[in-house]
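New to this one? Take a look at the model first, and then we can walk through a few of its parts together.

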Amino acid sequence: MKKLVFALMGLVAMTACQKQNTFTVEGTITGAQDSTLYLYNRSLTGIVLLDSAVLDVDGTFSFSQQAPTGGPDLYVLRINSQWLNLSIDSTETVTVNASMPGMAQNYTVSGSDNCEKIRQLSHKHSLLQQQVFAVEQNTQLMGQTMADSLSRLINQYKSDVITNYIFQEPQSAYAYFALSQTLNHLYWATSPIFEMEDSLDGRAYRAVATCWKEYYPQSERAQQLYNMVERNITSNRIAAARQQRFAEEETVIVSDIIDLTLPDLSGTIRTLSELRGKVVLLDFHLFSAPESGERILKLRELYDRYHDRGLEIYQVSIDQDAHLWKQAVSSLPWITVYDPDGESCSHYNVQTLPEFFLIDRNNALQKRSTQIDDLEKEIESLL
């Protein structure tokens, strides 16, 4: 008898637990008698059918499913081509009242603020889609004029949604939903409304990604969105660095110097610009390199031969070991400065060490090593 009681208690507890871990979507859809209503999960890998029901004359329905874990998830109610978007946070009951035809626009929702905001966003999106089609069908708008008209419509929509929805609660399911919206076009492919490359859109993406990662650390959606933003940030940084290197390389080839301000052995700040009036060999060096000793001897020969005629060497050490650098440069007669972070290398697009450049008496950068066949001949011409 006791075993039976314990078994029944266990069954009741298990049933209660299962019930606690479910959500319910219920309501009424009028004008849809004998239509099949489907409930889908909008998963990261695609649309997944969860349940369906054939509606009777009064149009009532009720679906119960396992609650999402880790964070909010997105769902869809569908009859034929009419899609109605929902979100579920945990175990709530969402009530939908709609009518056919046009269920996607003719409905109310209660029990979830997220679902209500998604309804508002869906309505705004539907109006935008109609306006986009109207512009694309207007034969009087061609080329750039059409593009400008579309851009104005989309930017107005994005400004409204970002300001009044996404930035209001970036941790919400409706903020995530907003970023996923797309536009259909008459003559080209479907396009996302929010582009991560756009500065304002990018801020919206970063806000939602950061909040979702903080609020829902176990959510696959949060992790995917955060990874997308991180990849975009990394890609932008690489592109910016590449563009800067190209620009600086172009500066190196054209004229004038990118001034350097670095400490010498005594701690005195030495600059390139202070050497105006001299021919300068700007040298980037690594004293810890095996070939350093031999190269220093060659530089010493150049310095001894041409210094009295106006040659100066401004040598930048990139060594990490400050003690090694101090010992290596203590007896050198030219200007030696220290830059362990190597920031000066980026200014001159230095990719490998050693590297050197020639600067004329007017502080104009003339050539880098790859453009010089005979260093002494080049120095002679500048002196």
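What follows is a short tour of a sheet and its helices, two serines and a cavity.

Keep in mind that this is a predicted model.

Let's begin with the sheet. It is an open one with 5 strands, and reading across gives the order β15-β14-β13-β16-β17, with mixed pairing. The edges belong to β15 (335-338) and β17 (365-368); each has a single partner strand, so one side of each is left without a neighbour in the sheet. Going from one strand to the next, the twist averages 20°.

Inside that sheet, strand β13 (residues 279-285) and strand β14 (residues 311-317) run in the parallel sense and pair over 7 bridges. To find the pairing on screen, pick out L282, whose bridge partner in β14 is Y314.

Helices pack here too. Helix α8 (residues 322-329) sits on the sheet, where it touches β14 and β15, and its direction makes about 180° with that of β15. Helix α10 (residues 375-382) lies across β13, β14, β16 (355-359) and β17, and it runs at about 25° to β16.

Now for the two serines. S149 is part of helix α3 (residues 143-166), while S87 is part of strand β6 (residues 82-88). Are they buried or exposed? With buried meaning under 20% relative accessible area, S149 is buried because its relative accessibility is 12%. S87 also counts as buried, because its value is 0%.

Here they are with their contacts, leaving out residues up to four places away in sequence:

| Residue | Relative accessibility | Contacts |
|---|---|---|
| S149 | 12% | V135 and L141 |
| S87 | 0% | D73, L74, E92, S112, N114, C115, I118 and A173 |

Finally, the empty space. Rolling a probe the size of a water molecule over the atoms shows where such space is left. How many cavities of 30 Å³ or more are there? The count comes to 1 cavity, and the largest cavity holds about 30 Å³ of space.

Which residues line the largest cavity? They are A104, Q105, Y107, R119, S122 and H123. By type, this lining divides into 2 nonpolar, 3 polar and 1 charged. Helix α2 (residues 113-137) gives the largest share of the lining, with 3 residues.

Key. Residues are numbered from 1 along each chain as its sequence is written. This is a predicted model: local features need pLDDT of at least 70, side-chain atom pairs count only at pLDDT 80 or more; totals for chains, interfaces and linings use all residues. Side-chain values use heavy atoms; hydrogens and water are left out. On a 1 Å grid over the protein atoms alone, a cavity is a set of points where a 1.4 Å probe fits but cannot get out, and a pocket is an open set with protein on both sides within 12 Å along at least five of seven lines; lining residues have an atom within 4 Å of a point. Grid points are joined across faces, edges and corners, and a volume is the space filled by probe spheres set on the points. Helices (H or I, at least four residues) and strands (E, at least two) are DSSP runs, numbered from the N terminus. Ala, Val, Leu, Ile, Met, Phe, Trp, Tyr, Cys and Pro count as nonpolar, Asp, Glu, Lys and Arg as charged, and the others, Gly among them, as polar. Two strands pair if DSSP finds at least two bridges between them. Axes are lines fitted to C-alpha atoms, for helices over the stretch in contact, and angles run from 0 to 180 degrees between N-to-C directions. Contact means heavy atoms within 4.5 Å. Buried means under 20% relative accessible area, exposed over 50%, partly exposed in between (1.4 Å probe, protein chains only).
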